[in-house]
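Colleague: I would like a close look at a single part of this model. Please take one loop and work outward from there.

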Amino acid sequence: MQPNPMNEPSRTDLAGRAEIEKLVNAFYKRVRNDDLLGFIFDRVAHVDWETHLPKMYAFWETVMFRTGGFRGNPLVPHMQLAGLTTMGREQFDRWLALFQGTVDDLFAGENAEHIKRCAEDMANVIHSRINAAKPGPSHCANLHNSPSHVESNESRQ
Ligand code: HEM
């Protein structure tokens, strides 16, 4: 039986750096065109994309495959942004919808599902930390194990 009877282009899973780069490039293209988020990157943070994109390749490669060598702190720029513009639930929900939509448009499989869960967990953690509330439970061990990034969830009800 054909696995793809609608003749749609078949989507493969995220397998490594090449797919991470494709995902990150497509995601930030959407972000920059987004009415709620685009200006935050381009007109509030004045992001240097030639620096930011490689950093994000390294970030997601580290999260997914433990290679990539990301050494930054994802909380710092968002803390700073929260002092300059609104970084509330609406902004994080949009960020997540764009990220997960990009994953779904390009990839399918276990890693694609995992990166969507990680993105959701981290969006919740970053949102909670910069808005001083408690994050929800995590699927993504890589960043939650780092005390400099994330508080323990053990005391959560
Ligand atoms: C409303 C949502 C978000 C906005 C507007 C936003 C915006 C930004 C901006 C402006 C920077 C700095 C870029 C630069 O100057 O080079 C940044 C860095 C970064 N963001 Fe976000 N971000 C959001 C959500 C997220 C989420 C949910 C994650 C994780 C899944 C994330 C991961 C990162 C990382 C890893 C960095 C680099 C940190 C470093 O330099 O060490 N962001 N973000």
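Modeller: His46 sits in the loop between H2 and H3. The model is a predicted one, and the values here are computed from it. The phi of His46 is near 45°, a positive value in a residue other than glycine. His46 counts as exposed because it has 7 C-beta neighbours inside 10 Å, and the cut-off for exposed is 12 or fewer.

The helix that follows this loop is H3, residues 49-65. H3 has 17 residues and reaches 23 Å from its first C-alpha to its last, which is close to the 24 Å expected at 1.5 Å a residue. The buried residues in H3 are Met56, Tyr57, Phe59, Trp60, Glu61, Val63 and Met64. An α-helix has 3.6 residues a turn, so residues three or four places apart point the same way.

Just after H3 there is another positive phi, at Arg66, of about 60°. Arg66 is found in the loop between H3 and H4, and, like His46, is a residue other than glycine. Arg66 counts as exposed because it has 9 C-beta neighbours inside 10 Å.

Helix H3 also takes part in the surroundings of the ligand. The shell around the ligand holds 23 residues, the closest being Ala45, Gly72, Gln91, Met122 and Ala123. Elements that give two or more residues to this shell are H2 (38-44), H3 (49-65), H4 (75-82), H5 (89-106) and H6 (110-130). By class, the shell has 16 nonpolar residues, six polar and one charged.

Two of these contributors, H5 and H6, pack against each other. Their axes are 10 Å apart and make an angle of about 170°. H5 and H6 are therefore roughly antiparallel, the cut-off for that term being over 145 degrees. On the H5 side the residues in the contact are Arg89, Phe92, Trp95, Leu96, Phe99, Gln100 and Val103. On the H6 side they are Ala112, Ile115, Lys116, Ala119, Glu120, Ala123 and His127. By class, this contact has nine nonpolar, two polar and three charged residues. Ala123 of H6 thus appears both in the contact with H5 and among the residues closest to the ligand.

Two pairs of residues show parts of the chain that are separated in sequence. Thr86, in the loop between H4 and H5, is 50 residues from Leu36 in sequence and 10.0 Å from Leu36 in space, C-alpha to C-alpha. Thr86 is exposed because it has 11 other C-beta atoms within 10 Å. Lys22 lies in helix H1, residues 17-32, and its C-alpha is separated by 8.6 Å from that of Leu106, 84 residues apart along the chain. Lys22 is partly exposed, with 15 other C-beta atoms within 10 Å.

For the chain as a whole, the secondary structure comes to seven helices and zero strands. Read along the sequence, the pattern is α-α-α-α-α-α-α. Of the 157 residues in the chain, 22% are buried. Among contacts with a separation of 6 or more, 61% are between residues 24 or more positions apart.

Notes: Residues are numbered from 1 along each chain as its sequence is written. This is a predicted model: local features need pLDDT of at least 70, side-chain atom pairs count only at pLDDT 80 or more; totals for chains, interfaces and linings use all residues. A residue is near a molecule or strand if its C-beta atom, placed from the backbone, lies within 6 Å of it. Helices (H or I, at least four residues) and strands (E, at least two) are DSSP runs, numbered from the N terminus. Ala, Val, Leu, Ile, Met, Phe, Trp, Tyr, Cys and Pro count as nonpolar, Asp, Glu, Lys and Arg as charged, and the others, Gly among them, as polar. The expected span of a helix is 1.5 Å times one less than its number of residues. A residue is buried if 20 or more other C-beta atoms lie within 10 Å of its own, exposed if 12 or fewer, and partly exposed in between; C-beta atoms are placed from the backbone. Two residues are in contact if their C-beta atoms, placed from the backbone, lie within 7 Å. Axes are lines fitted to C-alpha atoms, for helices over the stretch in contact, and angles run from 0 to 180 degrees between N-to-C directions. Angles under 35 degrees count as roughly parallel, over 145 as roughly antiparallel, 65 to 115 as roughly perpendicular and the rest as oblique.
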